[in-house]
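Open the model in your viewer and keep the selection panel at hand. The tour goes stop by stop.

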Amino acid sequence: QVQLVESGGGSVQPGGSLRLSCAASGNTYSNYCIGWFRQAPGKEREGVASIRTGDGSTTYADSVKGRFTISQDYAKNTLYLQMNSLKPEDTAMYYCAAATGYLSWWSLLLTSGYNYWGQGTQVTVSS
């Protein structure tokens with residue numbers, strides 16, 4: 001059992017920055033991969049960024065490369081997503097997710113492999 005709680009969402013102007021946090025609790029040692037997903041109204045949930053706990057390898061969606069950074073604070077058991085140069089198309093509900101099973105490199109940003117989810121935090125980018 002893993003519990004995930006997101007925070008840090010809000011409204012920001014285009015070009016601005018936000019840092020999302022995901023506090024993890026429970027059996028966090030079972031996590032193989034943790035990541036961030038987002039879902040805009042009327043759209044499918046998509047992977048944004050992920051990090052493998054074993055080796056720290058990170059994966060980013062093409063749409064956020066160079067702008068977003070995923071990181072972990074092991075002491076605080078917290079996952080972060082630093083979002084810079086935000087665009088209106090980044091507007092979505094952002095979810096933290098954890099996978100307890102193995103994920104191949106090509107599935108790291110797919111929702112199917114993740115079995116624990118947070119409640120989400122809203123990010124709105126508008127002028």
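**Stop 1: glycine 10**

Select glycine 10 and, leaving aside neighbours within four places in sequence, show its contacts: Leu18, Gln122, Val123 and Thr124. Bear in mind that this is a predicted model. Glycine 10 belongs to strand S2, residues 10-12. Is glycine 10 buried, exposed or partly exposed? Its relative accessible area is 25%, so glycine 10 is partly exposed.

**Stop 2: serine 50**

Keep glycine 10 on screen and add serine 50. The two lie 40 residues apart along the chain, and 21 Å separates their C-alpha atoms. Serine 50 sits in strand S5. Its relative accessibility is 1%, so serine 50 counts as buried. The cut-off for buried is under 20% relative accessible area.

Now show what surrounds serine 50, not counting residues up to four places away in sequence. Its contacts include Cys33, Ile34 and Gly35. Ser57, Thr58 and Thr59 also touch serine 50. The list is completed by Ile70, Leu108, Leu109 and Tyr114.

**Stop 3: strand S4 and its partners**

Select residues 33-39, which make up strand S4. How many of the seven residues of S4 are buried? Six are, and the strand is mostly covered.

Add residues 46-52, strand S5. S4 and S5 are antiparallel and share six bridges. For one pair to display, take arginine 38, which faces glutamate 46 in S5. Then go to the hairpin these strands form. Six residues lie between S4 and S5, and glycine 42 in this hairpin has a positive phi near 80°.

Next bring in residues 92-99, strand S9. S9 runs antiparallel to S4, and seven bridges join them. Highlight tryptophan 36 in S4's company: its bridge partner in S9 is cysteine 96.

**Stop 4: strand S9**

Stay with S9. Seven of its eight residues are buried, leaving S9 mostly covered. What other strands does S9 pair with? One is strand S11, residues 121-125, joined to S9 by three bridges in the antiparallel sense. There, tyrosine 94 has threonine 121 of S11 as its bridge partner. Another is strand S10, residues 116-117, also antiparallel to S9, over two bridges. Pick alanine 98 to find tyrosine 116 of S10 opposite.

**Stop 5: the four-stranded sheet**

Clear the view and show S1, S3, S8 and S7. In that order they form an open sheet of four strands with antiparallel pairing. Which strands are at the edges? They are S1 (2-7) and S7, each pairing on one side only. From one strand to the next, the twist averages 20°.

As a reminder, strands of a sheet pair through backbone hydrogen bonds. Zoom in on S7 and S8, where six bridges hold the antiparallel pair. Phenylalanine 68 and methionine 83 of S8 stand opposite each other.

**Stop 6: two positive phi angles**

Most residues other than glycine have a negative phi. Two residues here are worth a torsion check.

Select asparagine 77, in the loop between S7 and S8. Its phi is positive, near 55°. Asparagine 77 is partly exposed, because its relative accessible area is 32%.

Then select serine 85, in the loop between S8 and S9. Phi is positive here too, near 50°. At 40% relative accessibility, serine 85 counts as partly exposed. The partly exposed class lies between 20% and 50%.

**Stop 7: the largest pocket**

Finish with the largest pocket, whose volume is about 250 Å³. Its lining has 15 residues, and those closest to the centre are Thr28, Thr53, Gln72, Tyr74 and Asn77. Asparagine 77, from the previous stop, is thus back in view.

Colour the lining by strand. S3 (18-26), S7 (68-73) and S8 (78-83) each give at least two residues to the lining. Then recolour by class. What is the make-up of the lining by class? Eight residues are nonpolar, six are polar and one is charged.

Note on methods:
Residues numbered from 1 in each chain as written. Predicted model: local features only at pLDDT ≥ 70, side-chain atom pairs only at ≥ 80, totals over all residues. Heavy atoms only, no water. 1 Å grid on protein atoms, 1.4 Å probe; cavity = no way out; pocket = protein on both sides within 12 Å on 5 of 7 lines; lining within 4 Å. Points joined across faces, edges and corners; volume = space filled by probe spheres on them. Nonpolar A, V, L, I, M, F, W, Y, C, P; charged D, E, K, R; others polar. Buried < 20%, exposed > 50% of the residue type's maximum accessible area, 1.4 Å probe, protein only. Pairing = 2+ DSSP bridges. Contact = heavy atoms within 4.5 Å. Axes fitted to C-alpha atoms, helices over the stretch in contact; angles between N-to-C directions.
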